[in-house]
Each structure stands twice: as C-alpha cells, then as structure tokens.
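User: I am new to this structure. Please show me how to read its strands and helices.

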Amino acid sequence: MRHGETDWNLENKIQGQIDVPLNDTGRIQVVSALEKIARLRIHRIVSSDLSRAAETAKILEWPLRLTVEYDARLREWDLGDLNTAKLTSVATFAPVLTEYQKYNAESIDSVFTRVAAFFDKFDMEQNTLIVSHGGLMRAIMYYLETGDKNNMDAFIKFGFSTHIGNAQIFAFKNKKFELVR
C-alpha cells in the first residue's frame, strides 16, 4: 500500500526521504481503504518509518488488531537535490537514474539492494501489508515480478508506466501485482 496523500503530493513536489506528514485527505483515504484491506486477512503490517507511511500504517493498526513494525529499508528513494523540486514531467526525474551522484541522490542499485535485503528473509506465505512510497513500491513490484535488479532500461520502462496513487493497495499473487478494488 502506498501512503495517503500529503500536501506535497497536491503540489507535485518530490518528497524522497523528506519527512512530509499526511494531510486530512490522506487520513480519510486510509480509513476508506480499511474495508478493502480487511478482506485481505492481513497477519502483519510492516511500514517505512517516514511519517507519511508510518501514520498510514498506524491508522490501520487498531482496526486490524495488529502492531506495526517499522523498517527503514522501506523508505522512499532518496532523490537528494531533487527533493522539493516540482515533478512537472518524467524528464524532471529521469536524470537521477543515471547521474545520481550529480544530484546527491541514492543510486537505483542502492534502492534494489535495500529491496532485496528486505525480501531476503521475508515469509512470502504470510499475508503482510507493506506500507511504503510510490518510488519504492515500483522497485518492489519490478523486483518481485521479475527477480531482476540489474536491467535499468526495463526498470525505467516499468517504473514510468506504472501509476500508483495515494492509498492504493496492490496484492501480489502468482508472481504479479494487481490493484485491489
């Protein structure tokens, strides 16, 4: 699940690892998603420790009668100097993929290393809700669907063609992600 809406989402600002809180609409989105989540029979919630994801998970904790676990490996991609920039097009973001040092950003290799380390000892049979961020969710989805963490061109094509809205929930079944309706 992606975190609920923030004011920066409304302004099309890149958040990266800047700790931006949910807004009131984001909180409502999370509560509205509860019915869908309840049908998934979740056994565990693991969340990014950034406040927008952590608060999303915390809203779900009591109704699901689970305790949220926080894991920094689920943080959003650190986009360095591009954080706070307006995301006006894919072109705004694309240079960080190949010139990450120029922007003081985290490399895509580092992102995939975090994702792989998180899933290295992950029990795929346990019904777990992961609460994270759009960029990291794209990396998770690509990694779990393909097992690949080295094909930059394929990841770029996948990432830029995959829309993940605020508070959207995706289920991983049969090696594919599908939007939970």
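Analyst: This is a predicted model. Start with a single pairing: Ile45 has Val68 as its bridge partner in strand 2. Strand 2 covers residues 68–70, and three bridges pair it with strand 1 in the parallel sense.

User: How does the chain get from strand 1 to strand 2?

Analyst: The chain goes through helix 3, residues 51–64, on its way from strand 1 to strand 2. This β-α-β crossover is right-handed.

User: Which residue in strand 3 is the bridge partner of Ile45?

Analyst: First the general idea. Strands of a sheet pair through backbone hydrogen bonds, either parallel or antiparallel. Here, the partner of Ile45 in strand 3 is Leu129. Strand 1 (residues 44–47) and strand 3 (residues 128–131) run parallel and are joined by four bridges.

User: What is the order of the strands in the open sheet?

Analyst: The order is 2-1-3, in an open sheet of three strands with parallel pairing. Strand 2 and strand 3 are the edge strands, each pairing on one side only. From one strand to the next, the twist averages 25°.

User: Which strands does helix 3 touch when it packs on the sheet?

Analyst: Helix 3 touches strand 1, strand 2 and strand 3. The direction of helix 3 makes about 165° with that of strand 1.

User: And where do strands run antiparallel?

Analyst: Look at strand 4 (residues 170–173) and strand 5 (residues 176–179). Four bridges join them, and they run antiparallel. One bridge pairs Lys173 with Lys176 in strand 5. Strand 4 and strand 5 form a hairpin, with two residues between them. Asn174 sits in the turn and has a positive phi of about 50°.

User: Now the helices. At what angle do helix 2 and helix 3 pack?

Analyst: Two packed helices are described by the angle between their axes and the distance between the axes. For helix 2 (residues 24–39) and helix 3, the angle is about 45° and the axes are 10 Å apart. Helix 2 and helix 3 are therefore oblique to each other. Their crossing is right-handed.

User: Which residues of helix 2 and helix 3 meet?

Analyst: Helix 2 brings Arg27, Val30, Val31, Leu34, Ile37 and Ala38. Helix 3 brings Glu55, Thr56, Ile59, Leu60, Pro63 and Leu64. The residues of this contact divide into nine nonpolar, one polar and two charged.

User: At what angle do helix 6 and helix 7 cross?

Analyst: The axes of helix 6 (residues 108–120) and helix 7 cross at roughly 65° and come within 10 Å. Helix 6 passes helix 7 in a right-handed crossing. From helix 6, the contact includes Val111, Phe112 and Phe119. Helix 7 contributes residues including Leu136, Ile140 and Leu144. The full contact of helix 6 with helix 7 divides into eleven nonpolar, no polar and one charged.

User: At what angle do helix 7 and helix 8 cross?

Analyst: Helix 7 (residues 134–146) and helix 8 (residues 152–161) cross at roughly 125°, and their axes come within 10 Å. That angle makes helix 7 oblique to helix 8. The crossing is right-handed.

User: Which residues meet there?

Analyst: In helix 7, they are Arg138, Ala139, Met141, Tyr142 and Glu145. Their counterparts in helix 8 are Ala154, Phe155, Phe158 and Gly159. By class, the contact of helix 7 with helix 8 has six nonpolar, one polar and two charged residues. Ala139 and Tyr142 also appear in the contact of helix 6 with helix 7.

Methods
Residues numbered from 1 in each chain as written. Predicted model: local features only at pLDDT ≥ 70, side-chain atom pairs only at ≥ 80, totals over all residues. Heavy atoms only, no water. Axes fitted to C-alpha atoms, helices over the stretch in contact; angles between N-to-C directions. Parallel < 35°, antiparallel > 145°, perpendicular 65-115°, else oblique. Left-handed = near helix turned anticlockwise from the far one by under 90°. Contact = heavy atoms within 4.5 Å. Nonpolar A, V, L, I, M, F, W, Y, C, P; charged D, E, K, R; others polar. Pairing = 2+ DSSP bridges. Right-handed = clockwise from strand over helix to strand, strands pointing away.
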